Every structure is written in C-alpha cells, then in structure tokens.
Amino acid sequence: MHTNELIGADVIRRNLSYIRERIKLACERIGRSPDTVQLLLATKTVPIETIQIALEAGERLLGENKVQEALGKQEALAAYGTEWHMIGHLQRNKIKHTLRFAQTIESVDRLSLAQQLQQRLEYEDRTLPIYIQVNTSYEPSKFGVPPEDALTLIRAVHQLDRLQIRGLMTIGVFSAEAEQVRPCFRLLRQIQQQALELALPGADFSTLSMGMSGDFETAIEEGATLVRVGTAVFGQRLYPDSYYWNET
Ligand SMILES: *Cc1c(COP(=O)(O)O)cnc(C)c1O
C-alpha cells in the first residue's frame with residue numbers, strides 16, 4: 001500500500017473542523033442547512049492510523065477507490081461503525097470483493113457493470129444502493145457515462161431490481177478556477193432534474209455526490225448533498241490521481 005507521510009492528529013482535527021466550517025459557510029450563502037451535506041472522506045493511500053484520527057473526531061463516511069486497500073481498512077476500522085462507499089472505477093472481476101466492503105457503489109457508469117452487479121446481488125440475495133457516475137467534464141481520463149447517455153443508462157439500471165438508484169456522482173474538470181468546474185456540477189443537477197421527470201418508481205435521485213478538496217464549496221452552491229474530500233483533510237498523496245482513475 002502506498003502511504004502518505006504520517007500526519008499529526010492535531011493537523012487532521014484542525015483540517016476537519018476547517019472543512020466543516022467551510023461547508024457550513026457555503027450552505028449559509030445559499031440558505032441551506034449544513035445537515036443537507038454529507039462529508040465523505042476519500043481515504044486512498046491514507047494509512048489506517050490516520051483514518052482512525054478522523055473517526056475519533058466523529059467522522060463516519062469513508063470512500064475508497066481500490067478494492068484491496070478498502071478491504072483491509074474496512075476490517076480494521078469496523079468497530080467505529082463506518083460506512084464505506086466505492087468511489088473508484090469498478091472492474092468486473094472486483095465486484096465480489098467490492099460488495100464485501102461497500103454499502104454504496106457511487107461509480108456505476110455502464111450497463112454491463114450494472115448487470116454483473118445485479119447477478120452477484122441475486123446470488124447473495126440482497127440489494128445495494130448505487131449512484132450513477134456521469135462524466136460531466138467529457139475528459140477521456142475520467143470514468144462515467146457521457147451526459148447524453150445518462151438517462152438511457154438510468155432507465156436500464158432501473159430495470160435491475162437488486163440495484164437501488166439513490167443518486168448521481170461526478171468528478172468535475174480539474175481547475176484552480178471554481179468557475180471552470182461549476183458547469184460540470186450544474187450539468188449533473190440538470191441530469192438529476194431530467195431523471196426525476198422520468199418518474200421511475202422506487203428510484204431516488206436525491207443524492208448529488210460532487211465536489212472534492214478544490215471545489216466542494218462550488219459543488220454545494222450547485223446542489224451537492226455529498227462532498228468527497230481527501231487531500232484537504234489528509235494532506236497530499238504520493239501518487240497522482242491518474243493512478244487511481246485509470247484502468248492500469
Ligand atoms: C481522490 C478522490 C476524491 C478526493 O479528492 P481530493 O482532491 O483529495 O479531495 C474524490 N472523489 C474521487 C472519486 C476520488 O478518487
């Protein structure tokens with residue numbers, strides 16, 4: 001496992017309260033209650049002892065990209081009553097293990113994957129909350145269904161009775177400029193509106209998972225109900241994100 005430098009408990013706690021404060025301020029600016037935004041900590045490359053500090057500070061919701069890494073952490077930290085989301089690209093041969101740690105899969109972006117999930121869930125006789133991941137930046141390096149195909153995918157996934165649609169997820173364009181990423185978030189929200197108009201029984205699109213360390217306030221302004229934050233809490237990662245977002 002690739003680990004960050006160990007970072008002090010006081011730094012983690014300070015980062016967390018700073019993030020919580022910024023979430024609150026972003027919510028106040030647009031007249032929303034901070035309770036309407038969930039904070040998910042993206043823990044890729046972060047060692048167990050460091051995650052533990054965040055859990056002791058009261059955090060519960062965690063996200064991982066790689067299955068092997070997630071399984072070890074999930075087991076080690078189960079006593080904290082953690083909730084784990086799969087936020088990384090999911091390959092078919094990893095489905096079985098992903099279902100061992102993830103309570104929600106945020107990265108459902110193609111029908112073949114959804115069908116394989118359905119099969120495995122039938123075998124395990126259970127259901128699973130999922131989000132549909134949309135590639136709102138159109139960048140080929142990012143996963144997600146192209147926006148113009150999102151409603152078709154949503155309709156098809158809705159036919160699979162073991163998958164419970166609970167929201168949409170996106171990674172916006174990378175930019176230091178909030179105004180560059182805002183259209184990505186706005187697009188996800190538009191797709192949410194269109195999805196609601198389909199009036200699919202049982203489908204729930206209330207979660208908009210969007211916004212990361214560099215842009216979560218913009219995401220909140222555009223309607224995010226779940227923000228996924230890593231480096232702003234845990235510090236810089238040694239590996240570039242492309243390592244996590246690409247197939248290899
Ligand atoms: C790593 C990651 C995040 C968090 O990114 P930071 O910039 O470190 O906050 C959010 N979402 C996904 C899908 C990620 O892989």
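## A buried residue in a loop

Asn135 has a relative accessible area of 9%, which is under the 20% cut-off, so Asn135 counts as buried. The model in which this is seen is a predicted one. Asn135 belongs to the loop that runs between β5 and α6.

Setting aside residues up to four places away in sequence, Asn135 touches Lys142, Phe143, Gly144, Val145, Pro147 and Thr170. One of these partners, Thr170, is 35 residues from Asn135 along the chain, and the two C-alpha atoms are separated by 6.2 Å.

## The chain as a whole

The protein chain holds 10 helices and eight strands. Its radius of gyration is 17 Å, close to the 18 Å that the globule rule gives for 248 residues, so the chain is as compact as a globular protein of that length. Measured out along the principal axes, the C-alpha trace spans about 50 × 40 × 30 Å.

Of the 248 residues in the chain, 51% are buried. Among contacts with a separation of 6 or more, 64% are between residues 24 or more positions apart.

## Surface and charge

The chain has an accessible surface of about 11200 Å², and carbon and sulfur atoms account for 48% of that surface. There are 27 positive and 31 negative charges, and the mean positions of the two sets are 2 Å apart.

## Nonpolar cores

In soluble globular proteins, nonpolar side chains tend to be buried together. In this chain the largest nonpolar core has 65 residues. The residues with the most contacts inside that core are Ile23, Ile105, Ile130, Ile132 and Val227.

What does Val227 touch, not counting residues up to four places away in sequence? The partners of Val227 are Ile23, Val37, Gln38, Leu39, Leu40, Met210, Gly211, Phe216 and Ile220. A second core, separate from the largest, has seven residues, including Ala42, Ile87, Tyr131 and Leu226.

## Thr104 in strand β4

Thr104 is found in strand β4, which covers residues 104-108. Is Thr104 buried or exposed? With a relative accessible area of 5%, Thr104 is buried.

Leaving aside neighbours within four places in sequence, Thr104 is in contact with Glu83, Trp84, His85, Met86, Pro129, Ile130 and Tyr131. Among them, Ile130 is also listed with the most contacts inside the largest core, and Tyr131 belongs to the second core. Glu83 is 21 residues from Thr104 in sequence, and their C-alpha atoms are 8.6 Å apart in space.

## Loop residues with positive phi

Thr45 has a phi near 70 degrees, a positive value in a residue other than glycine. Thr45 is placed in the loop between β1 (38-42) and α2 (48-56). The relative accessible area of Thr45 is 1%, and the residue is buried.

Phi is also positive at Tyr138, again a residue other than glycine, with a value near 60 degrees. Tyr138 lies in the loop between β5 (128-133) and α6 (150-158), the loop that holds Asn135.

## Gln190 in helix α7

Gln190 has its place in helix α7, made up of residues 178-197. The relative accessibility of Gln190 is 43%, so this residue counts as partly exposed. Along the chain, Gln190 and Pro147 are 43 residues apart, and their C-alpha atoms are separated by 9.9 Å. Pro147 is also one of the residues that Asn135 touches.

Key: Residues are numbered from 1 along each chain as its sequence is written. This is a predicted model: local features need pLDDT of at least 70, side-chain atom pairs count only at pLDDT 80 or more; totals for chains, interfaces and linings use all residues. Side-chain values use heavy atoms; hydrogens and water are left out. Helices (H or I, at least four residues) and strands (E, at least two) are DSSP runs, numbered from the N terminus. The radius of gyration is taken over C-alpha atoms; the globule rule is 2.2 Å times the number of residues to the power 0.38. Buried means under 20% relative accessible area, exposed over 50%, partly exposed in between (1.4 Å probe, protein chains only). Contact means heavy atoms within 4.5 Å. Accessible areas come from the Shrake-Rupley method with a 1.4 Å probe; for residues, only the protein chains shown count as cover. Lys and Arg count as positive and Asp and Glu as negative; His and the chain ends are not counted. The place of a charge is taken as NZ of Lys, CZ of Arg, CG of Asp or CD of Glu. A nonpolar core is a set of buried Ala, Val, Leu, Ile, Met, Phe, Trp, Tyr and Cys residues joined through side-chain atoms within 4.5 Å.
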